Amino acid sequence: MKLLEDRIRKDGIVREGGVLKVDSFINHQMDIPLFRQMAREWKRLFAGKPINKVLTIEASGIGIAAIVASEWDVPVVFAKKAMSINLDYDNYETQIQSFTHKKIYNVIVSKKFLGPEDHLLIIDDFLANGCALMGLLELADRAGATVEGIGIAVEKGFQHGGDLVRARGIQLESLAIVDSMDAATGQITFRPQPHQS
Ligand code: 5GP
């Protein structure tokens, strides 16, 4: 999506270690008109899918997911990071390795809010190694829910989460795919996506 790529070029900051900071419009301050345009683009890309719920993970997925859910007029459920697995039979649980914090999180979703009747659109801000997404897919699987698609704002194509998800045959629409970025020059190259606006 050209609008998002242009914004990343303008305001994104490339850090050492393959980290892209987008604090001024996604991860700290949130540009809601931009999120609305992103949500509309996903609505077009996932047209015809019977989506009845959006699933994301706290914290940084929630803002985008809320705007997306509003576009479809459906609820959004976010997986919560829990201190410890508490063997609570009312929750689906799994573990996720965090790319940014290098920790392992337990994540939970209440059985009240996810079940076999759900047709999910999974939304997150970044896709790197795919750990967060694999955790969300695992929760959906445990709940017996159907994943209709996955929308990611920024995929880092030089990491391999995207390949893992595409290999599972799930429609994945990343609105910007960074193929390379250079912390010294700030140069970012994006993968062409002709089917996107
Ligand atoms: P993964 O689990 O795919 O390795 O990483 C996904 C999660 O890590 C995202 O939800 C996001 O919060 C965080 N993340 C991964 N890479 C980056 C990055 O380059 N910049 C930012 N801001 N967050 C990232």
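This passage describes the fold, charge pairing and local backbone features of a predicted model of one protein chain.

The protein chain contains six helices and ten strands. Its radius of gyration is 16 Å, close to the 16 Å that the globule rule gives for 197 residues, so the chain is as compact as a globular protein of that length. The C-alpha trace spans about 50 × 35 × 30 Å along its principal axes. Half of the chain is shielded: 50% of the 197 residues count as buried. Contacts between residues at least 6 apart in sequence were also examined. Of these, 59% join residues at least 24 apart.

The surface was considered next. The chain exposes about 9600 Å², and carbon and sulfur atoms supply 52% of that area. The chain carries 23 positive and 25 negative charges. The mean positions of the two sets are 2 Å apart.

Side chains of opposite charge can pair when their charged atoms come close. The structure holds eleven salt bridges. One of them joins Arg 7 to Asp 11, with the closest N and O atoms 2.7 Å apart. Both residues belong to helix H1, which covers residues 2-11. They are four residues apart, about one turn of the helix. Asp 11 is partly exposed, at a relative accessible area of 23%. The pair is part of a wider arrangement: Arg 7, Lys 10, Asp 11 and Asp 31 are linked in a network of salt bridges.

Helix H5 holds another pair. Glu 138 and Arg 142 form a salt bridge with an N to O distance of 2.7 Å. Their spacing of four residues in helix H5 separates them by about one helical turn. Both ends are partly exposed. The relative accessible area is 31% for Glu 138 and 43% for Arg 142.

A further salt bridge connects Arg 191 and Asp 179, at 2.8 Å from N to O. Arg 191 lies in the segment after strand E10 (188-190), and Asp 179 lies in strand E9 (residues 172-181), so the pair ties together parts that are twelve residues apart in sequence. Arg 191 is partly exposed, with a relative accessible area of 28%. Asp 179 is partly exposed as well, at 31%.

Glu 5 presents another situation. This residue lies in helix H1. Glu 5 is buried, yet has no salt bridge. The nearest side chain of opposite charge is that of Arg 9, 4.8 Å away. A salt bridge requires a nitrogen to oxygen distance within 4 Å. Leaving aside neighbours within four places in sequence, Glu 5 is in contact with Ala 176, Phe 190 and Arg 191. Arg 191, in turn, has its salt bridge with Asp 179.

The single cysteine position examined here is Cys 131. Cys 131 is found in helix H5, which covers residues 131-143. Its relative accessible area is 32%, and the residue counts as partly exposed. Neighbours up to four places away in sequence were set aside. On that basis, Cys 131 touches Ile 96 and Gln 97. Ile 67 is 64 residues away from Cys 131 along the chain, and their C-alpha atoms are separated by 24 Å.

Two backbone features complete the description. Most residues other than glycine have a negative phi, and most peptide bonds are trans. The peptide bond from Glu 58 to Ala 59 is cis, with omega near 0°. Ala 59 sits in the loop between strand E3 (53-57) and helix H4 (61-72). The other feature concerns Asp 73. Its phi is near 65°, a positive value in a residue other than glycine. Asp 73 is placed in the loop between H4 and strand E4 (76-82). At 72% relative accessibility, Asp 73 counts as exposed. Helix H4 thus has a loop on either side in this description: the loop with Ala 59 lies between E3 and H4, and the loop with Asp 73 lies between H4 and E4.

Conventions:
Residues numbered from 1 in each chain as written. Predicted model: local features only at pLDDT ≥ 70, side-chain atom pairs only at ≥ 80, totals over all residues. Heavy atoms only, no water. Helix = DSSP H or I, 4+ residues; strand = E, 2+ residues; numbered from the N terminus. Rg over C-alpha atoms; globule rule 2.2 N^0.38 Å. Buried < 20%, exposed > 50% of the residue type's maximum accessible area, 1.4 Å probe, protein only. Contact = heavy atoms within 4.5 Å. Areas by Shrake-Rupley, 256 points an atom, 1.4 Å probe, with all protein chains shown as cover. Lys, Arg positive; Asp, Glu negative; His and termini not counted. Charge placed at Lys NZ, Arg CZ, Asp CG, Glu CD.
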